[in-house]
Amino acid sequence: MKEISKIIILSALLFVVQACKKDFLERPPVDTLTDGVFYKTESEILAATAPLYNIVWFDYNDKAALAIGDARGGNMVSNDRSAFYKFNVSSTDQTTLLPAYKAFYKIIGQSNLIIQNINRYALNAPEAAKKAGIAEAKFMRALAYYYLVMNWGEIPVIYNNSIQLSDKNIRRNTKESIWAFIIRDLRYSAENLPPVQSQQGRLTKYSAEGMLAKMYLTRSGLGRTKGNRNQSDLDSARIYSADVIKNSGCELLPNYGDLFKSANNNSSKNNKESLFALQWMNASEPWGINNSFQAYMAFSPDITGTGDGWGTAHGASANLIKYFVTEHPEDSVRRKETFMFPEDLYAELNKKAGGTRFTKTDVANVKKYIIGTPDDNGGKGLFMTAYINTYMLRLAEVYLIYAEAILGNSTTTNNSEALNYYNQVRARAKMPVKSQISFTDIFWEKRIETLMEGTAWYEIVRWYYFDKTGALEYISKQDKGSYTINYNHGTQPRSYTATYNSEYYSATNKNFELPIPELEMANAPSLRLDPVPFDLNKLSD
């Protein structure tokens, strides 16, 4: 418990290291953070919740989001993230594992603090503003617990910093009770967030409903078997996703590639497909409000123009090369916007030099979220600071959640609503429509649609909840070896050939979940005890 205590205490100090800015993410003055002077007005509550949109998420976004979400999910190969897709992550890893685990408790700690302070100090603030501020904090807290329970299984629920920091016998809680906590928080958020953004990039009722649909769909399989998911949870996923689709005013962007251009996805301009995105700033001070994705993933410093761009070894996994080269070469729109193949020309990268032509054949480097130099982006961008938001939930994913909720426990469906929204996602990618869909169809569609967005592993965990054999077999068949790609010159549409040096790595029931960091286990021996249910009656807010 000692290490978690440190994390939560440090999270409470995040406000004091943040500079004031005249924008959506304006920070409160240092000397008013922890006394009764602050939280008196709606603007002060908005300032208090602003750090929940970036700095507390930095340590997860920096390295772990792709290491876990995409490398472990079978989408990416990478020298320094290989332990995640080889399923041999050590509990002593302090480069990626520990920072990710700590990051989620920072989010939780900061959220707890905001809830406590609003309840304590915002006595004269407008009631709707108070509830919305608490709803933002509960949304973030719920999402942090989602990542914790999906990656580590049973973990301790921290809901009150002041009470639990002194508990030397903290126990892990059961998955069922953690999920109940997550659902409870998000239901509060859906009931108390406004239907439209109070400021650009802020959460809305529909952000919470979209996330609730995702959570209910996931929980429907917990402890169940194939074809026997919880129907009540499936129904809830269907209801919430339908409300988002039909009443939120959100829309799919017409062009897939536009989703990942800075002009359409930054903290000053969030697009209509975005339901929740981390709001990164065009600044590197204080450290943590900046998006470091491009620094690690761009294949060359020539791409970024800021001295970073260390992603030459990061690229598509061999099993995805097989998908795009052999199995579904027609899925070229999403492929080109996600991974670079030989002779691809990207006019938007390094515009002054006439664009960037990709010539490597030994790896398909990452394109998604790679936005180029500051000159390519209206002067925006610094070292390890790409001016683009990180999607955490967008409408296309909700379309596919809705389709799967309708499918439910059936083997296939030709339901017109399910097909309509499933095929809208495919139509944008210029993929042929289908007249009947299965779980596998939806699973793969979501995988390809959200490649390199940190979602793939969590879809596998969701599958594993109700079909361990199927999920483990899927992992075991993913080729994660090396390969060579060659462009077949003169072909239209473009075609490629590839050769493979195949490698396969299997997950087991024993190593499927990540280990709790050894440092945390050493400081809190009680975490080695069997988990206990969390009592929701303890919650007073």
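# Exercises on aromatic pairs, salt bridges and strands

Phe 276 has a relative accessibility of 2% and counts as buried. The model in which this residue lies is predicted. The exercises below start from its ring and proceed to charges and strands.

## Exercise 1. Aromatic pairs

Determine how many aromatic pairs the whole structure holds, and classify the pair formed by Tyr 53 and Phe 276.

*Solution.*
1. The search of the whole structure returns 47 aromatic pairs.
2. For Tyr 53 and Phe 276, the ring centres are 6.4 Å apart, which falls within the 6.5 Å limit for a pair.
3. The planes of these two rings stand at 75°; angles over 60 degrees count as edge-to-face, so the pair is edge-to-face.
4. Tyr 53 belongs to the loop between helix H2 (42-49) and helix H3 (58-71), whereas Phe 276 belongs to strand E4 (residues 274-278), so the pair ties together parts 223 residues apart in sequence.
5. Tyr 53 is buried, at a relative accessible area of 0%, and Phe 276 is buried as well, at 2%.

State which geometry the rings of Tyr 216 and Tyr 240 adopt.

*Solution.*
1. The centres of the rings of Tyr 216 and Tyr 240 lie 5.9 Å apart and their planes are at 5°, so this pair is stacked.
2. Tyr 216 is in helix H9 (residues 205-219) and Tyr 240 in helix H10 (residues 231-247); the pair links distant parts of the chain, 24 residues apart.
3. Tyr 216 and Tyr 240 are both buried.

Aromatic residues also gather in a cluster. One aromatic cluster is formed by Trp 57, Tyr 60, Tyr 101, Phe 104, Tyr 105, Tyr 146, Tyr 147, Trp 152, Trp 179, Tyr 458 and Tyr 465.

## Exercise 2. The surroundings of E4 and H2

Establish how many residues of E4 are buried, and identify a strand with which E4 pairs.

*Solution.*
1. Five of the five residues of E4 are buried, so the strand is largely enclosed by the rest of the structure.
2. E4 pairs with E8 in the antiparallel sense, over four bridges.
3. One of the bridge partnerships joins Leu 278 to Thr 390 in E8.

Identify the elements against which the buried residues of H2 pack.

*Solution.*
1. In H2, the buried residues are Ile 45, Leu 46, Ala 47, Ala 48 and Thr 49.
2. These buried residues pack against helix H5 (97-121) and helix H6 (127-152).

## Exercise 3. Salt bridges and charges over rings

Side chains of opposite charge can pair when their charged atoms come close. Characterise the salt bridge of Lys 175 and Glu 513 by its distance and by the burial of its partners.

*Solution.*
1. The structure has 36 salt bridges, among them that of Lys 175 and Glu 513, with an N to O distance of 2.8 Å.
2. Lys 175 lies in helix H8 (residues 175-192) and Glu 513 in the loop between E12 and helix H20 (518-523), so that distant parts of the chain, 338 residues apart, are linked.
3. Lys 175 has a relative accessible area of 16%; under 20% counts as buried, so Lys 175 is buried.
4. Glu 513, at a relative accessible area of 26%, is partly exposed.

Describe the salt bridges of Asp 331 and Glu 449 and the network to which they belong.

*Solution.*
1. Asp 331 and Arg 334 meet through their side chains in a salt bridge of 3.0 Å, N to O.
2. The relative accessible area is 0% for Asp 331, which is buried, and 1% for Arg 334, also buried.
3. Glu 449 forms a salt bridge with Arg 394, the closest N and O atoms being 2.8 Å apart.
4. This pair links distant parts of the chain: Glu 449 is in helix H17 (residues 439-449) and Arg 394 in strand E8 (residues 390-394), 55 residues apart.
5. Salt bridges with shared partners join Glu 273, Asp 331, Arg 334, Lys 368, Arg 394, Arg 426, Arg 428, Glu 445, Glu 449 and Glu 453 into one network.
6. Glu 449 and Arg 394 are both buried.
7. Arg 394 also lies over the face of Tyr 391, 5.9 Å from the ring centre.

## Exercise 4. Strand E11

Assign the side chains of strand E11 (residues 482-487) to its two faces.

*Solution.*
1. Tyr 483, Ile 485 and Tyr 487 point to one face and are buried.
2. Ser 482, Thr 484 and Asn 486 point to the other face and are not buried.
3. E11 pairs with strand E12 (residues 496-501) in the antiparallel sense, over six bridges.
4. Within E12, Tyr 500 is the bridge partner of Tyr 483.

Notes: Residues are numbered from 1 along each chain as its sequence is written. This is a predicted model: local features need pLDDT of at least 70, side-chain atom pairs count only at pLDDT 80 or more; totals for chains, interfaces and linings use all residues. Side-chain values use heavy atoms; hydrogens and water are left out. Rings of Phe, Tyr and Trp (its six-membered ring) pair if their centres lie within 6.5 Å; planes under 30 degrees apart count as stacked, over 60 as edge-to-face and the rest as tilted. Buried means under 20% relative accessible area, exposed over 50%, partly exposed in between (1.4 Å probe, protein chains only). A charge sits over a ring if NZ of Lys or CZ of Arg is within 6 Å of the ring centre and within 35 degrees of the ring normal. Two strands pair if DSSP finds at least two bridges between them. A salt bridge is a side-chain nitrogen of Lys or Arg within 4 Å of a carboxyl oxygen of Asp or Glu. Contact means heavy atoms within 4.5 Å.
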